[in-house]
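Student: I've got a model open and I'm curious about its pockets and its ligand. Can we go through them together?

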Amino acid sequence: MKINGKHYQSIWETNSEVDSISIIDQRFLPYKFFVTELSTFDDFCFAIKEMLVRGAPLIGIVAAYGCYFAIKNALTNDLDKELQIAAKKLLSTRPTAINIKFAVERVITEIGKLTNVEAKIEKSLEIARKLRSEDIEICRNLGQHGVGIIKEIYEKKGSTVNVLTHCNAGWLATVDYGTATAPIYFARDAGIPLHVWIDETRPRNQGAKLTAFELLHENIPHTLIVDNAGGLLMQKGMVDLVIVGTDRTSLNGDVANKVGTYLKALAAYDNNIPFYVAVPSSSIDFDIEDGLHNIPIEERDEKEVKYIEGLAGDEIANVLICPKETPALNYAFDVTPARLVTGLITERGVCRPNKESILNLFPENRK
Ligand code: MRU
């Protein structure tokens with residue numbers, strides 16, 4: 001998608017030798033635009049853990065490239081073992097998003113089929129590239145399937161469709177298009193007038209910083225709201241539809257997403273507002289049937305709650321917003337039970353949030 005009219009993707013190979021992988025360092029957006037090169041395995045782990053890159057689909061792809069760098073620069077020739085060690089480190093960086101597991105397992109399986117060291121290294125690069133291009137295609141398909149929902153609302157309503165979204169499930173969380181934002185771009189391109197309410201999304205404010213940045217540069221009308229405002233807007237009839245992303249959706253349709261999503265789903269349910277989740281198959285955990293009780297929730301540093309980051313003059317500053325001694329709790333995600341979800345927008349179509357409907361679209365995962 002575009003920044004100042006120029007097309008960008010969130011990750012690319014720096015040169016034809018693939019000496020490094022370039023990423024946009026999202027810690028500094030929207031204030032400063034920095035591209036960083038990742039060239040050692042530790043760089044990849046650091047980038048995911050410290051959230052230079054974030055968003056479930058994107059960290060999966062970064063993890064796949066991380067596997068390539070881990071085995072390319074391995075000190076021994078036992079690449080399967082080296083990969084196991086690398087995978088363990090990558091999986092510990094961010095526990096909730098299933099995409100890291102999805103990507104790393106794909107590399108492990110494919111590499112395991114080969115015996116030659118060079119072939120294994122080449123294969124790991126090939127898989128990372130494939131995951132990257134698949135992600136673009138998947139998001140495009142999410143857009144194509146999701147736009148029908150917006151269109152139907154527009155045809156009934158006859159005026160601007162108001163979509164509410166939480167956190168950033170936009171192109172910066174993927175490679176291009178985004179998950180929750182893809183239907184919005186497709187609706188815009190189809191000439192449907194729309195407007196997006198963006199939850200600021202404390203504590204890290206991915207909505208205020210990243211989703212607002214993306215929509216601004218794509219000329220999509222949007223308004224930033226505080227996290228607590230969504231319920232009121234719904235009661236006032238100012239929200240037609242909620243679309244969010246997910247970091248992991250279990251087989252029964254429970255949806256783990258940025259903390260606060262559950263409260264939006266409750267409010268949407270109470271106000272009879274459709275609540276959709278854009279779910280690439282790389283974010284479906286086919287091994288977990290009950291997400292509410294089994295999806296691990298990442299707990300992050302309390303500093304993210306106690307301090308707020310913003311621009312002070314030209315400098316990015318961190319400001320304490322509570323007594324210094326006050327302890328804070330920082331769960332990064334919550335789980336919205338399937339019963340509150342209207343539907344899942346996947347790359348193969350829209351389905352109900354339950355095991356049967358999910359497996360009908362993805363029968364290769366039937367056990
Ligand atoms: O902590 P983050 O920024 O990596 O969280 C991920 C998210 O942005 C959201 O939870 C998102 O809705 C799912 S990723 C498309």
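Student: How many residues of the lining of the largest pocket are charged?

Tutor: Keep in mind that this is a predicted model. The lining residues of the largest pocket split into three classes. Eight of them are nonpolar and six are polar, and the charged ones number 14.

Student: Which residues are closest to the centre of the largest pocket?

Tutor: The largest pocket holds about 720 Å³ of space. Its lining has 28 residues. The ones closest to its centre are E50, R204, R300, E304 and E309.

Student: Which element gives the largest share of the lining of the second largest pocket?

Tutor: That pocket has about 490 Å³ of space. Elements supplying at least two lining residues each are α2, α4 (99-112), α5 (117-157) and β13 (284-285). The largest share is six residues, and they come from α4.

Student: Where does the ligand sit?

Tutor: Let's start with what surrounds it. There are 18 residues around the ligand, and R54, R94, D247, N257 and K258 come nearest. As for its location, the ligand sits in the largest cavity.

Student: How much of the ligand's accessible area does the protein cover?

Tutor: Look at the contacts to the ligand's oxygen atoms. A polar side-chain atom of R94 lies 2.7 Å from one, and an N or O atom in the side chain of N257 is 2.6 Å from an oxygen atom of the ligand. On its own the ligand has 400 Å² of accessible area, and the share covered by the protein is 100%.

Terms used
Residues are numbered from 1 along each chain as its sequence is written. This is a predicted model: local features need pLDDT of at least 70, side-chain atom pairs count only at pLDDT 80 or more; totals for chains, interfaces and linings use all residues. Side-chain values use heavy atoms; hydrogens and water are left out. A residue is near a molecule or strand if one of its heavy atoms lies within 4 Å of it. A polar contact is a pair of N or O atoms within 3.5 Å; within protein, one must be able to donate a hydrogen and the other to accept it, and residues adjacent in sequence count only if both atoms are side-chain atoms. Accessible areas come from the Shrake-Rupley method with a 1.4 Å probe; for residues, only the protein chains shown count as cover. On a 1 Å grid over the protein atoms alone, a cavity is a set of points where a 1.4 Å probe fits but cannot get out, and a pocket is an open set with protein on both sides within 12 Å along at least five of seven lines; lining residues have an atom within 4 Å of a point. A molecule sits in a cavity or pocket if more than half of its atoms lie within 2 Å of its grid points. Grid points are joined across faces, edges and corners, and a volume is the space filled by probe spheres set on the points. Ala, Val, Leu, Ile, Met, Phe, Trp, Tyr, Cys and Pro count as nonpolar, Asp, Glu, Lys and Arg as charged, and the others, Gly among them, as polar. Helices (H or I, at least four residues) and strands (E, at least two) are DSSP runs, numbered from the N terminus.
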